[in-house]
Amino acid sequence: MLKKVAYFLLTIAILLAVVAFIFVQNNKPVYNGSKTIEGLQEEVSVYFDTYGVPHIFANSEADAYQALGYVHAQDRLWQMELIRRIAAGRLAEIFGEQLVKTDKLFRGMGVEYAAKNFIEQIDSSSQSFLLSQAYLDGINNFIDEGKTPIEYQLIGVEKEHFSIKDIYNVYGYMAFSFAQAHKTDLLLTDLKEALGKNYLLDLDLDISPRSTLIKNSRGVKRMMAQTGKSINNIVDSLPVSPFVGSNSWVIGPQKTKNGKVIFANDPHIGFSQPSVWYQAHLITPKTEMYGFHLALSPFPVLGHNHDIAIGITMFENDDVDFFEEDINQQYKVREEIIKVKNSEDVVFEVKTGPHGPLMNGFLEGLVEERKISMDWIYLKKPTDLLDITYKASHATSLIEFRDAVSKINAPGLNMMYGDAKGNIAWFGTGKLYEREEGVHTKFILNGSNEIDEKISYLDFEQNPQAINPSWHYVYSANNQPEEVNGKLYPGYYLPEDRAKRIVELLESNDAFTSADVEKMLNDVQSSVSPMLVKIILENISKVNLSETEKEAIAILKSWKGDYKKELVAPTIYFKFIYNFLENTFADEMGQEKFEQFLQTHLYKRQIAKQMRLNRSKWWDDIETKEVKELKDEIITRSFHEAIKELEDQYGDDIDDWLWSSSLEVNHKHAFDQNSLLRGFFNVGPFKTDGGIEVINNQLFKLNGSGQYEVVAGPSTRRIIDFSDVENGKAILPTGQSGNVFSKHYKDQADKYLKGEYIKMMLNKDEIKSSKDILVLLPSKDSVN
């Protein structure tokens, strides 16, 4: 009897295994064989390399882009589905009531509404439009003929065809994720009204001209108490990565060992699974580009071929202003309807005035009696990013590239360029503007005041830029550029830390190799932290120090500022920094606004500035009425608290306080909130080197727990050495495919953590030796 039961259970197990195997095989991406594609004019051959990158050989660009759409969709259709729904305000349709607030915000800003109006005006006969439509045809063909991704099946979502509007919605989301004004301006106005302007004098609202700046060179009342928190919660709820920062540098031939340009770029974007970029190499008789594509983006903003290399970082310029409107202001009104899974539709009105959409009702904390509108360059001066990315990725010279990117109004981008002829360039792009002297755009402006309203736009020639500078390199690390039109242009720039380190390394070598640049991209040493540690140690009272505190001081004193897994100093440093900021600012701000402050770029800049201030209104703890604290007392208190908390957390043996115990990275899928699914779809967690504002920028939310989860970092690392252009190097954080059953779902994760790279193949003979070949055939009906 027992044998029969055992045989029965074994049979069931084998049957389940067979069913599971068949299911997995049937749901994998197809990397070889042949497929008939409606709309193709001629046969297209797609060679997938060892890491799943498609190398697409076609006789026309239209066929190449249709093939790109097809293979992009088979690896990333679910990612495309999510990203098109964000700016359109359609997440609640598939995820339910918890995302209604997110949908209302994007509907209220009017990103999709603006896209609809803009699309009516674009030239549907342009090459950018026609090739984009070919790309969409490829996606829609896969929707009709390909396998349905498992995510659709688990949630119960019907597949829908994609359109040009969806592409523009992706650009709208990208522009929103760059903007820091939503997090910063309302908080600063709140602090000004609650505490008075004297408290704001010590905040690093305007970058010091003595910090590391990107050099130009031309050759050729408490009403916002919840608002910042509301934005942070919405950003955290998004199932697709936000854009947060970046590094890039381009080294001229005069500073390289082989006398050719070396190009490097690592955009910093929120970590998620799948990774944000999809690599693809398109080859036609007239064009070639190895590109990194956003979901639903036919034309890459990162790319290279034998002749040029292009890339981006975030400019961080100010392109959003908020206005308080007159109580009698008249508005245009439209109705919006959000469909909600398993619930009733949400119907509401959106009001738009002379400065843009009214944000009351969409940003929590804005009281009804004060009407706040958002004046956003992206909506006010629409940019044809489709045409610009087409022209930039098809440029054959520096002049063509410059002409293309000069048309960008928003979002603000640092566009990087290098070529085989030895040219290097950086362009700070975006429609820059000036308001009247004395009008500070980091606070809410008066919509009834002509002085606050007055605006003048700058010509692109005045934008910060450097073309073949005499120092033979260009770079950007989201830091402040030099003067624009005689003054530093306002923005939400990051501190000088990464820029300072990049400049130090670039200045120290006149014979760079690709290997040197590989090492730079993985660099985890801060040039600023050791200087701040010196100030900390000078101000700690040496009275009544415990043995552990003496050990901690010795460790910090010998620390070079490197954030490596096996070190203890980073653990002590970041624990101290949180306590230092909390003891300095939380008593005046209140804990809630202090936590909002930690979600802005401003806090990162404030650390160094505050540490150097001997006198500041912020030093005094207003909760101790009898005592007026000074700088050394706040630093000493913060140090004592940090060591005590670390002892409680890790024990008395300071050697156990390793950075690897505090920091980890996890690439989360949209199903992360589901405890049954997260282990199947997520990639990680992993231990990692790095930290905040080093070149290998592993970004986490500073907090009092001493446990830090990396939420963003290098979304790719790329190196193109024009002395060996067919062996360019790159890496993704997880893998090329978003299909959990693909062998390329996470096959780059280990290499990424180790600082290794894979080859970006350009050699045609090498590409065609691939074992995975997918031939796409035209249907009989589609051939002209």
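**A walk through the fold, starting at Arg370**

Arg370 is buried, because its relative accessible area of 17% falls under the 20% cut-off. Keep in mind as you look at this residue that the whole model is a predicted one. The partner of Arg370 in a salt bridge is Glu193, and their closest N and O atoms lie 3.3 Å apart. Glu193 itself has 34% relative accessibility, so it counts as partly exposed. This pair therefore joins a buried arginine to a partly exposed glutamate.

Stay in this stretch of the chain for a moment and look at Lys371. Its side chain meets that of Glu368 in a salt bridge, with 2.8 Å from N to O. Lys371 has a relative accessible area of 17% and is therefore buried, whereas Glu368, at 48%, is partly exposed. Elsewhere, salt bridges with shared partners tie Glu81, Arg84, Arg85, Arg90, Glu93, Glu160 and Asp166 into one network.

A further pair to display is Arg605 and Asp204, whose side chains form a salt bridge at 3.5 Å, N to O. Here Arg605 is buried, because its relative accessibility is 5%, and Asp204 is buried too, with a relative accessible area of 10%.

How many salt bridges does a search of the whole structure find? The search returns 44. As for the charged side chains themselves, the protein carries 86 positive and 111 negative ones. The centres of these two sets lie 2 Å apart.

Now zoom out to the overall form. The protein's secondary structure comes to 26 helices and 29 strands. For a chain of 784 residues, a compact globule would have a radius of gyration near 28 Å, and the 27 Å found for this protein agrees with that. If you are setting up a box around the model, the C-alpha atoms fill roughly 85 × 75 × 65 Å along the principal axes. Buried residues account for 61% of the 784. The accessible surface is about 30700 Å², and 50% of it belongs to carbon and sulfur atoms.

Helix 13 is a good place to see burial at the level of a single element. Why is this helix, residues 385-393, largely enclosed by the rest of the structure? Eight of its nine residues are buried, so the surrounding structure covers most of it. Those buried residues are Leu385, Leu386, Asp387, Ile388, Thr389, Tyr390, Ala392 and Ser393. What do they pack against? Among the helices, their partners are helix 6 (127-145), helix 8 (164-178), helix 12 (377-380) and helix 14 (398-405). Strand 7 (288-293) and strand 9 (308-314) also pack against the buried residues of helix 13.

For a last stop, move along the chain to Glu641, which sits in helix 23 (residues 631-650). Is Glu641 buried or partly exposed? With 27% relative accessibility, it counts as partly exposed. Once neighbours within four places in sequence are set aside, Glu641 is in contact with Asn579 and Asn583. Asn579 lies 62 residues away from Glu641 along the chain, yet the C-alpha atoms of the two are separated by 7.3 Å.

Conventions. Residues are numbered from 1 along each chain as its sequence is written. This is a predicted model: local features need pLDDT of at least 70, side-chain atom pairs count only at pLDDT 80 or more; totals for chains, interfaces and linings use all residues. Side-chain values use heavy atoms; hydrogens and water are left out. Buried means under 20% relative accessible area, exposed over 50%, partly exposed in between (1.4 Å probe, protein chains only). Helices (H or I, at least four residues) and strands (E, at least two) are DSSP runs, numbered from the N terminus. Contact means heavy atoms within 4.5 Å. The radius of gyration is taken over C-alpha atoms; the globule rule is 2.2 Å times the number of residues to the power 0.38. Accessible areas come from the Shrake-Rupley method with a 1.4 Å probe; for residues, only the protein chains shown count as cover. Lys and Arg count as positive and Asp and Glu as negative; His and the chain ends are not counted. The place of a charge is taken as NZ of Lys, CZ of Arg, CG of Asp or CD of Glu. A salt bridge is a side-chain nitrogen of Lys or Arg within 4 Å of a carboxyl oxygen of Asp or Glu.
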